[in-house]
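Dear colleague,

I am passing on the structure below, and after it you will find a summary of what turned up when I went through it. Please read it alongside the coordinates.

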Number of protein chains: 2
Amino acid sequence: MELTDRQKQILRAIVDIYVSTAEPVGSKAIAALPDVSCSSATIRNEMAELTQMGLLEQPHTSAGRIPSPAGYRFYIDELMQDYRLSMDETKSLNEALELKSQEFDKMMSQVGKLVSKMTDLPAYTVATRRSEAVAKHFDLIMAGPGSIILVLMLSDDQVKNKLIKLPVSVTEADLKLLAAVLNASLTDLTAEQFNGELLEKITRAGGAAGTLVPLVMDFTLECLRQQHGDVHLTGQMRLLGQPEYRDAAEKAQEVFETLDEDMISNLPAVLPKDGPVQFLVGPENVAKELKDTSVVMMRFDIGEGMQGTIGVVGPTRMDYAKITAKLGYFAENLGRMFQKTENPAMPPALAEGNNSTKE
Amino acid sequence: MELTDRQKQILRAIVDIYVSTAEPVGSKAIAALPDVSCSSATIRNEMAELTQMGLLEQPHTSAGRIPSPAGYRFYIDELMQDYRLSMDETKSLNEALELKSQEFDKMMSQVGKLVSKMTDLPAYTVATRRSEAVAKHFDLIMAGPGSIILVLMLSDDQVKNKLIKLPVSVTEADLKLLAAVLNASLTDLTAEQFNGELLEKITRAGGAAGTLVPLVMDFTLECLRQQHGDVHLTGQMRLLGQPEYRDAAEKAQEVFETLDEDMISNLPAVLPKDGPVQFLVGPENVAKELKDTSVVMMRFDIGEGMQGTIGVVGPTRMDYAKITAKLGYFAENLGRMFQKTENPAMPPALAEGNNSTKE
DNA sequence: GCTTAGCACTCTTTCCCTCTGAGTGCCAAT
DNA sequence: ATTGGCACTCAGAGGGAAAGAGTGCTAAGC
């Protein structure tokens, strides 16, 4: 696909204008731009050619042009200019980043809410495991008569817990013994290394609390096998703020019937290329219900073999540049927060400019 | 408010029909019902009177009648008949109740999703603390150089954890000592009993890991003070399936801008009466944005000083009887699952009829 | 006295028609 | 290659008119 400079300029202008107005762009509007020095007739000719090439579309004969999916893709890959966040935007992003929660899962969910709010679009977050996990520590805590809480720490710093209720009663000492056995024999093993033999061995060594072993091992295995953390999807309703969905509630509903949490965790599989920022433009999505929907996603690092993804869902007509800039800002600062901080609730990178003190 | 039997019958019929059709109900439609034996003219007279009494409304002169909020309230309080779940419904509820997750928080969120799916309306769940919580057990686990995971078990069987990163390095032994000190001095204390003196005492006793103490105490305090668990709100988009929101995306959006998670946890404060099932009908809600929105909520027991609430959000024109029946079924079985079960993933009440084996 | 049939009236909804205006595509001129 | 000009197209807005549903009232009936 080879475009002249002028064609590129026109395509870029059309995308930019259409993204902000949601109305087809006519040749006159382009010709009127300050840095365009040819007449609307010329623009019309160029537009006709761009349409020929499949980069533009015409909703109907007497309307202006809108970018086709291929047009967006070209724009993203080659024309998009870095969007500079304004001071105001940076400021509100900074304020938003003052995460309150301290538990990992809640933090991820909070991040999703923030991103959604800041972009005014639906957003999601997921944590994904980069490398194989192993158990790092087991703990068994007496919670009541016949109730035990199993706490499991994984190598990726996640902590999982499960309440186990038993018909037989066990003593604190029993639990302590079993915990020791578990810590000695089940830590640092990958899911593949679990087997029946191991189960038997531990049950034998586990003493009075041996009945617990199968439950513990099942749970551990389940945790180890979990590739993706929970998907936190929020702000679905914000999609309705977009003109293309304003009067098409049905379509909006369909989008999220299709794009459920399962689908979201499988999105990475259909990505066209690799890199920290990813764009899925309209029909590049697998499902036909998403043909008018785009997803921008960005990865960020969370320490210890984990990786976070923030995604924003919107109409294909989306301000890719702005969204990317905002996501980038989040990703950068979150990465910093998760990795180098003593107290994750206060990103050092932001500590200075951040004087908004609620509560 | 005194109604004749016939008036009650008519009001009930209007609510029932309107709930299922979402169209104003005319006198003819009522007269055509099998168990109504008077003419449409009589119905018209009665309807005029019910309108006079404020139980019915007329969207415009030449339309049928719809129930007013007062009409719904009367219906709920006096006319509503128990809805018997059909075999099919029971079956799909049973299948749905096969909860997969085993962690408390995830379970609650999953329950919300199920309820939303089963009612085809937005739903939420919250866990609320019934009595004051105390810490029951502390655990400090080494997660890496300078990284420590604090695991805190509360008297209500919740397990909270926090990743703490420290600039100074501590040894396993240091942590063990500190954990012992924490368990000896901070357990069984209510939030009120925390104070600076205590902090100092523990810090002194905490040895090398003493720097951790303020962080630990802050976190503990935060956990103890948390009255409500997370609100899990899902299925918002399903509101769009309702005719009253189908072409009023803006209204739907407003609903969930108003009814956010904060608002939801405060709902119990505005309830008109007490009991396990609660109805908030349209304008009984505090916010004017919710004047056409109703909430049905039901409480259920979760062991150990905790109480769960499931809520369903819908238009004022809502099948209160059916929703109540479904929520009741959930509440009953969840209560059973949470309390009497060995393995919360399998409610014994359902174990028999439940042969749908996925995975 | 309650009930009912009949009828005029009201008001929304739907359909169709026209008109307007934006924008195109092409042609001839520069 | 670019531009001004012009005929053409088509979606969307506006405006009745007609249809249809349902009411309220009145007068007759049981």
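The residues of the surface near DNA strand C divide into four nonpolar, 13 polar and four charged; please keep in mind that this is a predicted model. Of the 21 residues around this strand, those that come nearest are A:Ser27, B:Arg6, B:Ser39, B:Thr42 and B:Thr61. On the side of the DNA, 74% of the atoms of strand C within 4 Å of the protein belong to sugar or phosphate, with the rest belonging to bases.

Individual polar side-chain atoms reach both parts of the strand: one of B:Thr42 lies 2.5 Å from a phosphate oxygen, whereas one of A:Arg44 lies 3.1 Å from a base nitrogen and one of B:Ser62 lies 3.0 Å from a base oxygen. The elements that give two or more residues to this surface are helix 3 (40-52) of chain A and helix 3 (40-52) of chain B, and helix 3 of chain B gives the most, with four residues.

Turning to the protein chains, 46 residues of chain B are in contact with 46 residues of chain A, and the area buried between the two chains is about 4,400 Å², of which carbon and sulfur atoms give 51%. Between chain B and chain A the count is six salt bridges, including that of A:Glu261 with B:Lys113, where the closest N and O atoms are 2.9 Å apart. The side of chain B that touches chain A divides into 18 nonpolar, 11 polar and 17 charged residues.

Best regards

Note on methods: Residues are numbered from 1 along each chain as its sequence is written. Chains are lettered from A and ligands numbered from 1 in the order in which they are written. This is a predicted model: local features need pLDDT of at least 70, side-chain atom pairs count only at pLDDT 80 or more; totals for chains, interfaces and linings use all residues. Side-chain values use heavy atoms; hydrogens and water are left out. Contact means heavy atoms within 4.5 Å. Buried area is the accessible area (1.4 Å probe) that two parts lose on being put together, summed over both. A salt bridge is a side-chain nitrogen of Lys or Arg within 4 Å of a carboxyl oxygen of Asp or Glu. Ala, Val, Leu, Ile, Met, Phe, Trp, Tyr, Cys and Pro count as nonpolar, Asp, Glu, Lys and Arg as charged, and the others, Gly among them, as polar. A residue is near a molecule or strand if one of its heavy atoms lies within 4 Å of it. A polar contact is a pair of N or O atoms within 3.5 Å; within protein, one must be able to donate a hydrogen and the other to accept it, and residues adjacent in sequence count only if both atoms are side-chain atoms.
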